[in-house]
Amino acid sequence: MDERQYLERIKQALVDLNRDRLLVETQAALDEGVDPTRIIKEGLSAGLLLVGDQWIRKERFISHVLVAAKAMGAAQELVEPHLAGDSWGAGKIVLGTIKGDLHDIGKNLVALMLRSGGFEVTDIGVDVPAERFVETAREQDADIVAISLLMSVCLDEVERACELIKGAQDVRARILVGGPPVSDAVAREIGADMYGGFDAVTALESARRLLSQLRAA
Ligand code: B12
(Lines give C-alpha, C1' and ligand atoms only; values in the text may rest on other atoms or scores of the structure.)
Protein backbone atom coordinates (compact mmCIF):
# COMPACT_ATOMS: atom_id res chain seq x y z
CA MET A 1 0.00 0.00 0.00
CA ASP A 2 1.18 3.53 -0.62
CA GLU A 3 0.82 6.44 1.83
CA ARG A 4 -2.42 7.64 0.26
CA GLN A 5 -4.10 4.27 0.82
CA TYR A 6 -3.12 4.24 4.51
CA LEU A 7 -4.49 7.77 4.89
CA GLU A 8 -7.69 6.84 3.07
CA ARG A 9 -8.24 3.88 5.41
CA ILE A 10 -7.77 6.09 8.47
CA LYS A 11 -10.23 8.63 7.11
CA GLN A 12 -12.76 5.91 6.28
CA ALA A 13 -12.53 4.28 9.73
CA LEU A 14 -13.35 7.67 11.28
CA VAL A 15 -16.25 8.23 8.90
CA ASP A 16 -17.53 4.75 9.83
CA LEU A 17 -17.19 5.72 13.53
CA ASN A 18 -15.19 2.55 14.03
CA ARG A 19 -12.80 3.41 16.86
CA ASP A 20 -11.09 0.02 16.99
CA ARG A 21 -10.40 -0.01 13.26
CA LEU A 22 -9.25 3.60 13.43
CA LEU A 23 -6.62 2.71 16.03
CA VAL A 24 -5.47 -0.34 14.08
CA GLU A 25 -5.18 1.66 10.83
CA THR A 26 -3.40 4.55 12.53
CA GLN A 27 -0.89 2.21 14.14
CA ALA A 28 -0.37 0.39 10.83
CA ALA A 29 0.37 3.68 9.08
CA LEU A 30 2.82 4.71 11.80
CA ASP A 31 4.54 1.30 11.62
CA GLU A 32 4.92 1.73 7.87
CA GLY A 33 6.55 5.12 8.39
CA VAL A 34 3.74 7.28 7.00
CA ASP A 35 4.47 10.94 7.81
CA PRO A 36 2.65 11.64 11.13
CA THR A 37 1.68 15.17 10.05
CA ARG A 38 -0.05 13.69 7.00
CA ILE A 39 -1.84 11.18 9.27
CA ILE A 40 -3.20 14.11 11.25
CA LYS A 41 -4.03 16.34 8.32
CA GLU A 42 -5.12 14.01 5.53
CA GLY A 43 -6.35 11.11 7.66
CA LEU A 44 -7.80 12.19 11.01
CA SER A 45 -8.76 15.84 10.35
CA ALA A 46 -10.12 15.00 6.91
CA GLY A 47 -12.27 12.18 8.35
CA LEU A 48 -13.63 14.32 11.15
CA LEU A 49 -14.51 17.10 8.75
CA LEU A 50 -16.45 14.64 6.60
CA VAL A 51 -18.46 13.53 9.64
CA GLY A 52 -18.97 17.21 10.52
CA ASP A 53 -20.23 17.97 7.02
CA GLN A 54 -22.69 15.08 7.26
CA TRP A 55 -23.98 16.54 10.53
CA ILE A 56 -24.35 19.98 8.92
CA ARG A 57 -26.31 18.37 6.05
CA LYS A 58 -28.48 16.66 8.71
CA GLU A 59 -27.35 13.20 7.57
CA ARG A 60 -25.95 12.52 11.04
CA PHE A 61 -26.63 13.48 14.65
CA ILE A 62 -24.36 15.63 16.79
CA SER A 63 -23.66 12.52 18.91
CA HIS A 64 -21.94 11.01 15.85
CA VAL A 65 -19.61 14.00 15.68
CA LEU A 66 -18.82 13.53 19.36
CA VAL A 67 -18.05 9.83 18.88
CA ALA A 68 -15.78 10.70 15.94
CA ALA A 69 -14.07 13.46 17.95
CA LYS A 70 -13.38 11.04 20.84
CA ALA A 71 -12.03 8.36 18.53
CA MET A 72 -9.85 10.94 16.86
CA GLY A 73 -8.44 11.96 20.26
CA ALA A 74 -7.44 8.35 20.95
CA ALA A 75 -5.75 8.06 17.54
CA GLN A 76 -3.99 11.36 18.12
CA GLU A 77 -2.43 9.91 21.28
CA LEU A 78 -0.88 7.17 19.14
CA VAL A 79 0.55 9.76 16.74
CA GLU A 80 1.82 12.18 19.38
CA PRO A 81 5.06 10.39 20.38
CA HIS A 82 6.04 10.30 16.71
CA LEU A 83 5.73 14.06 16.45
CA ALA A 84 6.85 15.50 19.73
CA GLY A 85 10.41 16.63 19.87
CA ASP A 86 11.87 17.98 23.10
CA SER A 87 11.31 21.63 23.63
CA TRP A 88 14.45 23.26 22.29
CA GLY A 89 13.69 26.82 23.16
CA ALA A 90 11.93 27.89 19.98
CA GLY A 91 9.78 30.13 22.17
CA LYS A 92 6.95 30.14 24.69
CA ILE A 93 3.33 30.05 23.60
CA VAL A 94 0.14 30.40 25.59
CA LEU A 95 -2.66 28.69 23.68
CA GLY A 96 -6.40 28.46 24.34
CA THR A 97 -9.88 28.54 22.85
CA ILE A 98 -11.72 31.79 23.52
CA LYS A 99 -14.58 32.21 26.00
CA GLY A 100 -17.92 30.86 24.80
CA ASP A 101 -16.26 28.32 22.54
CA LEU A 102 -15.81 24.72 23.63
CA HIS A 103 -14.30 23.35 20.41
CA ASP A 104 -10.86 21.96 21.19
CA ILE A 105 -9.93 19.47 18.47
CA GLY A 106 -8.22 22.05 16.27
CA LYS A 107 -6.54 23.69 19.27
CA ASN A 108 -5.20 20.34 20.46
CA LEU A 109 -3.78 19.62 17.02
CA VAL A 110 -2.15 23.03 16.92
CA ALA A 111 -0.63 22.39 20.38
CA LEU A 112 0.72 19.06 19.20
CA MET A 113 2.30 20.59 16.12
CA LEU A 114 3.77 23.58 17.96
CA ARG A 115 5.34 21.28 20.56
CA SER A 116 6.73 19.08 17.82
CA GLY A 117 8.31 22.23 16.39
CA GLY A 118 10.14 22.92 19.67
CA PHE A 119 7.79 25.48 21.22
CA GLU A 120 7.00 25.33 24.91
CA VAL A 121 3.19 25.40 24.92
CA THR A 122 1.00 26.25 27.90
CA ASP A 123 -2.46 25.03 26.92
CA ILE A 124 -5.04 26.91 29.00
CA GLY A 125 -7.97 24.97 27.62
CA VAL A 126 -11.33 26.05 26.26
CA ASP A 127 -13.84 28.78 27.18
CA VAL A 128 -10.97 31.06 28.22
CA PRO A 129 -11.84 34.69 29.05
CA ALA A 130 -9.70 37.49 27.60
CA GLU A 131 -8.23 38.32 31.02
CA ARG A 132 -6.80 34.84 31.49
CA PHE A 133 -4.85 35.04 28.23
CA VAL A 134 -3.23 38.24 29.50
CA GLU A 135 -2.53 36.91 33.01
CA THR A 136 -0.98 33.70 31.72
CA ALA A 137 1.11 35.53 29.12
CA ARG A 138 2.41 37.77 31.92
CA GLU A 139 3.13 34.85 34.29
CA GLN A 140 4.91 32.86 31.58
CA ASP A 141 6.60 35.85 29.94
CA ALA A 142 5.25 34.32 26.73
CA ASP A 143 6.49 35.19 23.25
CA ILE A 144 3.16 34.39 21.61
CA VAL A 145 -0.46 34.20 22.67
CA ALA A 146 -2.30 31.87 20.29
CA ILE A 147 -6.08 32.08 20.27
CA SER A 148 -8.36 29.51 18.69
CA LEU A 149 -12.01 30.06 17.80
CA LEU A 150 -14.61 28.19 15.79
CA MET A 151 -17.68 30.17 16.71
CA SER A 152 -18.08 33.48 14.90
CA VAL A 153 -20.05 34.89 17.83
CA CYS A 154 -16.87 34.73 19.92
CA LEU A 155 -14.90 37.14 17.72
CA ASP A 156 -15.70 40.09 20.01
CA GLU A 157 -14.04 38.35 22.93
CA VAL A 158 -10.94 37.68 20.82
CA GLU A 159 -10.86 41.37 19.95
CA ARG A 160 -11.10 42.20 23.66
CA ALA A 161 -8.20 39.82 24.38
CA CYS A 162 -6.13 41.57 21.71
CA GLU A 163 -6.89 44.97 23.24
CA LEU A 164 -5.97 43.80 26.74
CA ILE A 165 -2.73 42.17 25.58
CA LYS A 166 -1.68 45.20 23.54
CA GLY A 167 -2.58 47.47 26.45
CA ALA A 168 -0.55 45.56 29.06
CA GLN A 169 2.86 47.21 29.34
CA ASP A 170 4.40 44.15 31.00
CA VAL A 171 3.24 41.68 28.32
CA ARG A 172 5.46 41.46 25.28
CA ALA A 173 3.66 38.58 23.53
CA ARG A 174 2.58 38.83 19.91
CA ILE A 175 -0.89 37.54 19.06
CA LEU A 176 -1.58 34.67 16.66
CA VAL A 177 -5.20 33.80 15.87
CA GLY A 178 -6.69 30.88 14.01
CA GLY A 179 -9.85 28.94 13.29
CA PRO A 180 -12.37 29.01 10.44
CA PRO A 181 -13.98 32.41 11.26
CA VAL A 182 -10.58 34.13 10.96
CA SER A 183 -8.72 35.39 7.89
CA ASP A 184 -5.89 37.86 7.31
CA ALA A 185 -8.41 40.67 7.09
CA VAL A 186 -10.30 39.61 10.23
CA ALA A 187 -7.06 39.21 12.17
CA ARG A 188 -6.04 42.76 11.25
CA GLU A 189 -9.47 44.12 12.09
CA ILE A 190 -9.53 42.66 15.60
CA GLY A 191 -5.97 43.77 16.38
CA ALA A 192 -4.11 40.44 16.20
CA ASP A 193 -0.54 40.36 14.88
CA MET A 194 -1.02 37.41 12.55
CA TYR A 195 -3.59 35.01 11.15
CA GLY A 196 -2.08 31.59 11.70
CA GLY A 197 -3.62 29.76 8.75
CA PHE A 198 -6.16 27.03 8.28
CA ASP A 199 -4.29 23.99 9.58
CA ALA A 200 -1.82 22.94 12.26
CA VAL A 201 1.17 22.75 9.94
CA THR A 202 0.59 26.34 8.77
CA ALA A 203 0.07 27.31 12.42
CA LEU A 204 3.60 26.14 13.20
CA GLU A 205 5.06 28.00 10.23
CA SER A 206 3.17 31.14 11.26
CA ALA A 207 4.35 30.88 14.87
CA ARG A 208 7.94 30.65 13.64
CA ARG A 209 7.48 33.72 11.44
CA LEU A 210 5.89 35.66 14.27
CA LEU A 211 8.68 34.71 16.64
CA SER A 212 11.35 35.87 14.22
CA GLN A 213 9.50 39.17 13.81
CA LEU A 214 9.44 39.55 17.59
CA ARG A 215 13.12 38.72 17.94
CA ALA A 216 14.07 41.09 15.11
CA ALA A 217 12.11 43.97 16.67
C1 B12 B 1 -16.54 18.79 15.96
C2 B12 B 1 -17.53 19.92 16.05
C3 B12 B 1 -18.21 20.08 17.25
C4 B12 B 1 -17.97 19.19 18.47
C5 B12 B 1 -16.74 19.74 19.23
C6 B12 B 1 -15.94 18.65 19.90
C7 B12 B 1 -14.65 19.20 20.43
N8 B12 B 1 -14.18 18.60 21.50
O9 B12 B 1 -14.07 20.14 19.90
C10 B12 B 1 -19.31 19.39 19.23
C11 B12 B 1 -20.29 18.35 18.74
C12 B12 B 1 -19.23 19.33 20.77
C13 B12 B 1 -19.75 20.77 18.72
C14 B12 B 1 -20.57 21.61 19.39
C15 B12 B 1 -21.07 22.79 18.86
N16 B12 B 1 -20.84 23.27 17.62
CO17 B12 B 1 -19.50 22.54 16.44
N18 B12 B 1 -18.55 21.82 15.01
C19 B12 B 1 -17.76 20.80 14.94
C20 B12 B 1 -17.25 20.65 13.49
C21 B12 B 1 -18.08 19.55 12.83
C22 B12 B 1 -15.79 20.31 13.29
C23 B12 B 1 -14.84 21.22 14.07
C24 B12 B 1 -13.49 20.53 14.13
O25 B12 B 1 -13.12 19.94 15.13
N26 B12 B 1 -12.79 20.52 12.98
C27 B12 B 1 -11.53 19.76 12.81
C28 B12 B 1 -10.36 20.60 13.27
C29 B12 B 1 -9.07 19.80 13.06
O30 B12 B 1 -10.34 21.76 12.45
P31 B12 B 1 -10.39 23.22 13.07
O32 B12 B 1 -11.12 23.21 14.36
O33 B12 B 1 -10.83 24.16 12.03
O34 B12 B 1 -8.87 23.53 13.46
C35 B12 B 1 -7.85 23.67 12.48
C36 B12 B 1 -7.70 25.10 11.92
O37 B12 B 1 -8.86 25.90 12.05
C38 B12 B 1 -6.52 25.66 12.63
N39 B12 B 1 -6.71 26.28 13.94
C40 B12 B 1 -7.64 26.06 14.89
N41 B12 B 1 -7.39 26.79 15.98
C42 B12 B 1 -6.27 27.50 15.73
C43 B12 B 1 -5.60 28.40 16.52
C44 B12 B 1 -4.46 29.02 16.01
C45 B12 B 1 -3.74 30.00 16.85
C46 B12 B 1 -4.01 28.70 14.71
C47 B12 B 1 -2.83 29.36 14.17
C48 B12 B 1 -4.70 27.77 13.91
C49 B12 B 1 -5.82 27.18 14.43
O50 B12 B 1 -5.70 24.52 12.82
C51 B12 B 1 -6.56 23.43 13.22
C52 B12 B 1 -5.88 22.12 12.97
O53 B12 B 1 -5.74 21.80 11.62
C54 B12 B 1 -17.57 22.06 12.89
C55 B12 B 1 -17.91 22.11 11.39
C56 B12 B 1 -16.71 22.21 10.51
N57 B12 B 1 -16.82 21.64 9.34
O58 B12 B 1 -15.71 22.82 10.89
C59 B12 B 1 -18.75 22.51 13.75
C60 B12 B 1 -18.96 23.99 14.02
C61 B12 B 1 -17.66 24.67 14.36
N62 B12 B 1 -19.82 23.96 15.21
C63 B12 B 1 -20.75 24.87 15.18
C64 B12 B 1 -21.76 25.03 16.16
C65 B12 B 1 -22.80 26.07 15.86
C66 B12 B 1 -21.76 24.26 17.34
C67 B12 B 1 -22.78 24.32 18.48
C68 B12 B 1 -23.34 25.69 18.86
C69 B12 B 1 -23.90 23.32 18.09
C70 B12 B 1 -25.08 23.29 19.01
N71 B12 B 1 -26.20 23.69 18.43
O72 B12 B 1 -24.96 22.95 20.17
C73 B12 B 1 -21.99 23.69 19.64
C74 B12 B 1 -21.15 24.77 20.34
C75 B12 B 1 -20.54 24.44 21.64
C76 B12 B 1 -19.65 25.59 22.06
N77 B12 B 1 -20.15 26.50 22.86
O78 B12 B 1 -18.52 25.67 21.63
C79 B12 B 1 -20.64 25.75 13.94
C80 B12 B 1 -20.04 27.14 14.19
C81 B12 B 1 -20.70 28.19 13.33
C82 B12 B 1 -20.01 29.49 13.44
N83 B12 B 1 -19.28 29.85 12.40
O84 B12 B 1 -20.09 30.15 14.42
C85 B12 B 1 -19.82 24.82 12.98
C86 B12 B 1 -18.97 25.57 11.94
C87 B12 B 1 -20.87 23.90 12.27
C88 B12 B 1 -21.86 24.70 11.42
N89 B12 B 1 -21.56 25.00 10.19
O90 B12 B 1 -22.91 25.03 11.88
N91 B12 B 1 -19.15 21.02 17.52
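I will go through the domains, the ligand shell, the sheet and one helix pair of this predicted model.

Let me start with the overall division. The protein splits into domain 1, residues 3-83, and domain 2, residues 91-216. Taken over C-alpha atoms, the centres of the two domains are 25 Å apart. As for the contact between them, 10 residues of domain 1 meet 8 residues of domain 2. On the domain 1 side, H3 and H4 are the elements that give two or more residues to that contact. By class, this side of domain 1 has 5 nonpolar, 3 polar and 2 charged residues.

Now the ligand. Where does the shell around the ligand lie with respect to domain 1 and domain 2? Both domains give residues to the shell, so the shell lies between them. There are 40 residues around the ligand, and those that come nearest are Gly-52, Gly-106, Ser-148, Gly-178 and Gly-196.

Which elements supply at least two residues each to this shell? The helices are H3 (36-56), H4 (62-83), H5 (105-116) and H9 (200-216), and the strands are S3 (144-148) and S4 (174-178). H3 gives the largest share, with 7 residues. H3 and H4 therefore appear twice in this talk: they supply residues to the shell, which lies between the domains, and they also give residues to the side of domain 1 that touches domain 2. In terms of class, the shell around the ligand divides into 24 nonpolar, 11 polar and 5 charged residues.

Next, the sheet. It is an open sheet of 5 strands with parallel pairing, and the order is S2-S1-S3-S4-S5. The edge positions belong to S2 (119-123) and S5 (194-195); each has a single partner strand, so one side of each has no neighbour in the sheet. The partner of S2 is S1, residues 91-97, and these two strands pair in the parallel sense over 5 bridges. Within that pair, Gly-91 is opposite Phe-119 of S2.

Two helices can be placed against these strands. H5 packs on the sheet and touches S1, S2, S3 and S4, with its direction at about 155 degrees to that of S2. H6 lies across S1, S2 and S3 and runs at about 160 degrees to S1.

H6 also brings me to the last item, a helix pair. Two packed helices are described by the angle and the distance between their axes. For H6 (residues 130-140) and H7 (residues 155-167), the angle is about 35 degrees and the axes are 8 Å apart. Their crossing is right-handed. From H6 the contact takes Ala-130, Glu-131, Phe-133, Val-134 and Ala-137, and these meet Glu-157, Arg-160, Ala-161, Leu-164 and Ile-165 of H7. The residues of this contact comprise 7 nonpolar and 3 charged, with no polar ones.

Note on methods. Residues are numbered from 1 along each chain as its sequence is written. This is a predicted model: local features need pLDDT of at least 70, side-chain atom pairs count only at pLDDT 80 or more; totals for chains, interfaces and linings use all residues. A residue is near a molecule or strand if its C-beta atom, placed from the backbone, lies within 6 Å of it. Helices (H or I, at least four residues) and strands (E, at least two) are DSSP runs, numbered from the N terminus. Ala, Val, Leu, Ile, Met, Phe, Trp, Tyr, Cys and Pro count as nonpolar, Asp, Glu, Lys and Arg as charged, and the others, Gly among them, as polar. Domain bounds come from an automatic or database domain assignment. Two residues are in contact if their C-beta atoms, placed from the backbone, lie within 7 Å. Axes are lines fitted to C-alpha atoms, for helices over the stretch in contact, and angles run from 0 to 180 degrees between N-to-C directions. A crossing is left-handed if the near helix is turned anticlockwise from the far one by less than a right angle, and right-handed if clockwise. Two strands pair if DSSP finds at least two bridges between them.
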